[in-house]
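The following paragraphs lead the reader through a protein model, from its overall content to individual contacts. Please keep the sequence and the coordinates at hand while reading.

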Amino acid sequence: MAGGEQASHRPGLLKQQNKSHKNGRHRSKSEIDKNNKGRVHVKLASKRKNQELKRDERRRKANQIRSKKREDVLAKKRAIGGNDSAPFLSAIIPLGESANIQKLLKQIKECDADAKVEMTGSNVININVPRFRQNFSLIVPRPGDLYAALDACKVVDNVVFIISPPSDTDSCMSHSTSNEGPLGFDSSGEELLSAIMAQGLPSPIFVVNDIETISLKKRNDYKKLLMKQLDQMVPLEKLQVIENESDALRLLHHIGSQKQRPIYQRNMRCHFLCEEVNFKQNSDDPTVGSLIVDGYVRYQPLNVNGLVHIPGWGDFQMERIEVRREPGEFIFLEEANPALQESLKSENDPDPMNGEQTWPYQEEMEGQTMEADKIEDDEESEKKKRVPKGTSEYQAAWIKDEGDDKNEENDEEEEDDSDDWEDDYEEMSGDDGSEESQEEAEEDEMESVDNEGGDTDVYDKKVKFADEEEEFKKIKEAREDELFPDEVDTPRDTLAKVRFQKYRGLKSFRTSPWDAKENLPMDYSRTFQFQNFPRTRKRILKEERTGAKPGWYVRVHVKNVPSHLPASLQSGYPLTLVGMLPHEQRMSVVNLVLKRFKNARDQQAIPSKERLIFHCGYRRYAAAPIFSQHTAANKHKYERFFRPESVVVATLYAPIIFPSASVLVFREKKDGTQVMIATGSVLSVNPDRITVKRAVLSGAPFKVHRKSAVLRFMFFNREDIEWFKPVELRTKYGRRGHIREPLGTHGHMKCVFDGQIKSQDTVMMNLYKRVFPKWSFDPNVASPSPLYNHEVEMEDAANQLMV
C-alpha cells in the first residue's frame with residue numbers, strides 16, 4: 001500500500017454481536033459503589049450496622065429468641081399448679097341429665113392414696129398430689145344452670161365436660177346412620193356447650209364415664225363416632241374414658257400438663273374465685289355491709305384502689321387486702337386511699353343550659369296550628385254540597401248527596417244479593433234427599449256431644465291468644481319489611497312535610513356530609529366519650545399494675561355490699577370477683593357486632609328496640625338496642641329487624657368495656673326461659689357512630705312521555721310536592737330524576753328523568769333521619785330456669801366425697 005499504511009479490518013455482515021447486560025433504567029449496585037468510591041452516608045452506616053449481621057451473629061440471635069420463648073412458656077406453666085402458686089382451677093360441667101358426677105368425683109378422690117383432699121366453704125375441692133408436685137382445685141357449678149356454668153368458665157383454666165352414653169346400645173349405634181345430634185348429650189347440653197364456646201372456651205377436656213353400659217364390641221365404634229361428631233364443634237386431641245381410678249389419675253395429669261388456651265378478655269383483667277365467703281353487716285346502716293372473701297389472685301395483679309365487679313351483683317369498691325402468710329393467718333397488705341380510689345360514678349351530670357335549643361318556639365307552634373286550621377277549612381270547603389238557592393244550612397243538612405245515594409244503593413244491592421243467595425241455598429237444601437238430612441242430624445249430635453265435654457273451653461284457657469296475636473303482628477311486620485324494605489305509606493290525613501319533618505334528602509348516602517354532633521338527645525349528655533378510644537385502650541393495657549400479685553392467696557374486704565345479695569347466694573353457684581380496668585364503670589354508647597345464632601327454638605326476626613339480655617365480657621345486663629348494617633362507611637343504615645343468618649351492629653347505652661370481649665345475646669320468653677339468639681364481640685365505644693333510618697315514599701307513573709312522566713300516589717297535597725321538590729327521585733329500574741312541577745291539588749306531579757321510564761316501573765323517594773337508642777339499661781337480670789334438672793346437687797356430691 002502507498003505510504004506504508006495498513007488498512008483496518010472491517011467486520012462483515014456475519015459478524016457475531018453479543019447482547020449487552022440489561023440492568024434496567026436504574027444503576028446497578030456495582031456501578032453505584034464504583035461512583036461512590038468507598039464513601040458511605042452517615043444514616044446508611046448506622047442502618048447497615050443495625051441490620052447487616054454475620055452468619056454467627058444471626059445464629060446466636062435466633063438461639064436467644066428461641067430460648068426466650070421457651071422461658072416464657074415455662075414461666076407461664078410454672079405460674080399455676082405449684083406449691084407457691086395458684087392451683088390448677090377446673091370446672092366439671094355435665095352435658096345432660098344422665099352424667100354421673102358422683103362416680104367421677106369418687107374416682108378422683110381414690111386415684112392416689114397419698115393425695116390430700118380438702119373442701120372449702122364454697123364447695124371448692126382442693127387436691128394435692130405429691131406424685132406430680134401439683135395442686136388442683138375443682139368446682140362443679142349447679143347442673144343445668146346456664147349462668148352458673150358461664151360464670152365458672154370465666155375464671156377457670158380448664159373445663160371438664162362429662163358425657164354419659166345412652167343406656168340403649170341400639171339407639172346409640174343408630175346415630176351413626178342418622179345425624180340427629182351429638183351422642184351422649186341432648187339439645188340442652190349442646191346449647192350449654194355452644195354458649196360456653198361463644199363466650200370463650202378454656203382448655204377443654206371431654207370425659208366419658210359409665211361406658212360399661214355399652215357392650216365391648218361396640219365401645220370402639222361409639223368412641224370413634226363421638227370423637228368425629230365432637231371434632232365438628234371443638235378440635236380435640238383425645239377423648240378421655242374414665243373406667244377406674246388409674247384413668248382418673250391420668251385425667252389429673254392431663255389437666256396439669258395441658259396447654260392453656262389464651263382468652264384475652266380473661267387474661268387482661270384480674271379474676272378471683274371466692275373459696276370462703278363471709279358477710280359483716282354495718283352497725284350504722286343494716287342494709288349494707290362488708291363482704292369478706294378469700295381466694296387466689298389470678299392472671300393480673302389486684303389493686304385495692306380499683307373497682308371489682310361481681311357478676312349479677314354490680315360494681316363495688318374495696319376497703320383493704322390481706323395476704324396469707326400461713327394457713328389461717330393473714331397479714332395486712334394495703335388499704336384503699338380515698339384520694340386515689342376509683343369512683344363509682346357511672347353517669348355524667350348533664351347541664352340543661354348547655355347545648356343548642358331544639359324545642360320549637362311558641363311562634364313556631366302557633367304557626368303550625370294556623371296551618372292545621374287552614375287545612376281543615378280547605379277540607380270543609382271541598383266537602384260543600386250543591387243545594388237550591390235560598391236553602392238554609394239546617395235544610396241543606398237533610399239533603400242527601402249523590403254519592404250517599406250511590407253508596408246506599410250499593411249496600412241495598414249487596415243485602416239483596418245475600419238474601420237471594422240464602423233463599424237459593426234453602427231451595428237447594430230442600431230438594432236434596434233424606435240421606436243428607438240424616439247425615440246433618442248425626443253431625444249436629446256429634447257436635448253437641450263435643451260441646452258438652454267442654455274441651456274447647458279448657459284448651460282456650462291454656463292458650464294465651466293475646467300473646468299469639470302480638471307474635472303474629474310481629475311476623476307480619478317482618479314479612480312486609482322483607483318484601484318492601486323501608487317503604488312507608490304517605491299519610492292522607494296529615495301533611496307529608498309534617499309527618500316527615502325530621503327526615504332529609506341526601507344526594508349520596510355514601511358521600512353526603514352529616515354532622516355527628518347535630519340534634520343529639522338529652523341522654524347523650526349523661527354519657528362519657530373518649531377523644532381517641534383505641535389510643536386510650538392501648539395506654540391502659542400498657543400501664544404497669546400494682547397490688548396483690550397473681551398466685552397469692554388473699555382476703556379481700558369489699559365495702560357497701562347490699563345485705564340481700566349474700567343472702568340470695570345459692571349453694572353450688574360460683575362467686576367470682578373481676579378486677580375492672582379504669583373507666584369501665586362509666587356509661588357510654590357501645591357498639592356490638594352480632595351474628596345470628598342457629599337455634600332451632602327461635603328463628604324469628606327480632607325487631608329493633610326489643611328488650612334483650614346481653615352477656616358482654618364479664619357483665620350481664622338487659623337493654624333495648626337498635627340495629628344497623630356492619631359497613632366501613634361513615635353512615636350506617638338502620639335495620640328494622642335482625643333476621644336469621646345475618647350480621648348487624650347493635651348500638652345501646654351500656655358501661656364502657658375495652659375489647660376484646662365476647663358478647664352473648666339471649667331472648668327472654670314469657671315462661672322465664674332464655675334462648676340464645678346471637679353471638680359476637682365488642683366493636684367500639686363511640687357515640688359518634690351515625691345510624692340513619694331510611695323511609696322510602698313510592699309512587700306510580702300515570703302518564704309517560706319520553707323522559708317526562710306524570711306521577712301519582714306519592715303525595716296527596718300540592719303543598720307536599722312543593723316541599724319535597726329538591727329531593728332526587730329514583731326508580732326500581734335504575735332511572736334518576738326530579739320533580740318539575742305539581743299538577744292540580746290532589747298529588748299529581750310532573751317529573752323529568754334521565755331516560756324514558758316504563759309504565760310498570762315504580763318511582764321512589766329516599767328520606768333519611770338519624771336514630772338513637774333508648775336509655776333502657778337494666779343491670780338486674782333474672783336467672784333463667786334450668787336447662788335440665790339433674791338428680792344430684794353439688795353440695796350432696798361434695799359431702800359424699802368427703803365421707
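Two residues are taken to be in contact when heavy atoms lie within 4.5 Å, and angles between axes run from 0 to 180 degrees between N-to-C directions. With these conventions, the predicted model can be described from its overall content inward.

The secondary structure of the protein comprises 21 helices and 31 strands. Of the 803 residues in the protein, 41% are buried. Among contacts between residues at least 6 apart in sequence, 75% join residues at least 24 apart.

A suitable starting point is an open sheet of seven strands, in which the pairing is mixed and the order is 2-3-4-1-5-6-7. Its edges are formed by strand 2 (116-119) and strand 7 (240-241), each of which pairs on one side only. Within this sheet, strand 3 (residues 125-129) and strand 4 (residues 134-139) run antiparallel and are joined by five bridges. V129 stands opposite Q134 of strand 4.

Helices lie across this sheet. Helix 4 (residues 101-109) lies across strand 1 (88-94), strand 2, strand 3, strand 4, strand 5 (158-163) and strand 6 (203-208), and it runs at about 150° to strand 1. Helix 7 (residues 187-200) lies across strand 1, strand 5 and strand 6, likewise at about 150° to strand 1.

Helix 4 also meets another helix. Two packed helices are described by the angle between their axes and the distance between the axes. For helix 4 and helix 9 (residues 245-257), the axes come within 8 Å and cross at roughly 80°. Since angles of 65 to 115 degrees count as roughly perpendicular, helix 4 and helix 9 are therefore roughly perpendicular to each other. On the side of helix 4, the residues involved are L104, Q107 and I108, which meet E245, A248, L251 and L252 in helix 9. By class, the residues of this contact divide into five nonpolar, one polar and one charged.

The next topic is the nonpolar interior. In soluble globular proteins, nonpolar side chains tend to be buried together. The largest nonpolar core here has 46 residues, of which I93, F161, I163, I196 and F206 touch the most other members. The elements that give two or more residues to this core are strand 1, helix 5 (146-153), strand 5, helix 7, strand 6, helix 8 (216-231) and strand 24 (662-668). Helix 5 gives the most, with seven residues. Which residues are in contact with F161, leaving aside its neighbours within four places in sequence? They are I93, L95, L193, I196, L201, P204, I205, F206 and V207. A second, separate core of 34 residues includes L594, Y621, V648 and V685.

The description closes with strand 27 (residues 708-712), which is mostly covered, four of its five residues being buried. Strand 27 pairs with strand 26 (residues 690-705) in the antiparallel sense over five bridges, and K703 stands opposite V710 in strand 27. The hairpin of strand 26 and strand 27 has two residues between the strands, and R706 takes a positive phi near 55° in this hairpin. Strand 27 also pairs with strand 30 (residues 748-753), in the antiparallel sense over four bridges. There the bridge partner of L711 is M749 in strand 30. Strand 27 thus has strand 26 and strand 30 as pairing partners.

Key:
Residues are numbered from 1 along each chain as its sequence is written. This is a predicted model: local features need pLDDT of at least 70, side-chain atom pairs count only at pLDDT 80 or more; totals for chains, interfaces and linings use all residues. Side-chain values use heavy atoms; hydrogens and water are left out. Two strands pair if DSSP finds at least two bridges between them. A nonpolar core is a set of buried Ala, Val, Leu, Ile, Met, Phe, Trp, Tyr and Cys residues joined through side-chain atoms within 4.5 Å. Buried means under 20% relative accessible area, exposed over 50%, partly exposed in between (1.4 Å probe, protein chains only). Angles under 35 degrees count as roughly parallel, over 145 as roughly antiparallel, 65 to 115 as roughly perpendicular and the rest as oblique. Ala, Val, Leu, Ile, Met, Phe, Trp, Tyr, Cys and Pro count as nonpolar, Asp, Glu, Lys and Arg as charged, and the others, Gly among them, as polar.
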